[in-house]
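Here are my notes on the model, point by point. Please read them with the coordinates open.

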Amino acid sequence: MRESKWNSMIEDAYSFCDKNGIVIPKMDEKYALGKSKRKSLTVTYFYRLYVEVFCAAIDLQFSELNSRFSEVNTSLLLGMASLSPDDSFMNYDKNKIMKLATYYPNEFTASKLEDLSYELDNYIDYVREVGKAFSNLKGLGGLLKTLVKTRRGATY
């Protein structure tokens, strides 16, 4: 998240500032806290905004999530997020989905887990290969509609 979301967030900020006539400091210039020269820092705007604001906010959110969810709950959430079709299945992670399946031993025996592993490989290869039909999906509802339209609903 630190790497992928920073660029899109900073592009949005530049666009907003540009539209509203707000002066954007150069990111490699030194950042000074307050007017006093004694209190000025030797960090750049990039460091201040990226490390001290952006990453710190992500760390606080991560800490909050960790304190509210157990390891199993976090694993379940990550497994579900791995199924999301958003951005051409950018979050797809077979290992997280397989771990999710292990939490349901009544549904997934050892042989069914092997079958699931094989089917997940086939599934992601198919949806990425087909391309356009599965490229701009939003949510699981969009995925289900597209699977029905492409007559793959029964298969997957």
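**Notes on the predicted model**

1. Burial. The chain has 156 residues, and 22% of them count as buried. Bear in mind throughout that this is a predicted model. The accessible surface comes to about 11,800 Å². Carbon and sulfur atoms account for 56% of that surface.

2. Confidence. The mean pLDDT of the chain is 80. A score of at least 70 is reached by 81% of the residues. Among the elements, helix H5 has the highest mean pLDDT, at 88. The lowest, 66, belongs to helix H7, residues 132-135.

3. Layout. There are eight helices and two strands in the chain. Their order from the N terminus is α-β-β-α-α-α-α-α-α-α. Take the contacts between residues at least 6 apart in sequence: 43% of them join residues at least 24 apart.

4. Main core. Which residues have the most contacts inside the largest nonpolar core? They are Phe89, Tyr92, Leu120 and Val127, in a core of 14 residues. Three elements give two or more residues to this core: H5, helix H6 (110-130) and helix H8 (139-149). H6 gives the most, with seven residues.

5. Other core. Apart from the largest core lies another, of seven residues. Ile10, Met27, Tyr50 and Phe54 are among them. As background, nonpolar side chains in soluble globular proteins tend to be buried together.

6. Helix H5. This helix spans residues 94-102, and Ile97, Met98, Leu100 and Ala101 are buried in it. Why do the buried residues line one face of the helix? Seen down the axis of H5, they fall within an arc of 155°, so they share one face. The general background is that an α-helix has 3.6 residues a turn, so residues three or four places apart point the same way.

7. Cap on H5. Which residue caps the N-terminal end of H5? The cap is aspartate 93. One of its side-chain oxygens lies 3.0 Å from the backbone nitrogen of asparagine 95.

8. Serine 75. This residue sits in helix H3, residues 71-82. Is serine 75 buried or exposed? Its relative accessible area is 9%, under the 20% cut-off, so serine 75 counts as buried. Leaving out residues up to four places away in sequence, serine 75 touches Lys99 and Tyr103. Lys99 falls within the residue range of H5, 94-102.

Terms used
Residues numbered from 1 in each chain as written. Heavy atoms only, no water. Buried < 20%, exposed > 50% of the residue type's maximum accessible area, 1.4 Å probe, protein only. Helix = DSSP H or I, 4+ residues; strand = E, 2+ residues; numbered from the N terminus. Arc of directions from axis to C-beta. Polar contact = N/O pair within 3.5 Å; in protein donor to acceptor, adjacent residues only side chain to side chain. Contact = heavy atoms within 4.5 Å. Areas by Shrake-Rupley, 256 points an atom, 1.4 Å probe, with all protein chains shown as cover. Core = buried A, V, L, I, M, F, W, Y, C linked by side-chain atoms within 4.5 Å. pLDDT = per-residue confidence, 0-100.
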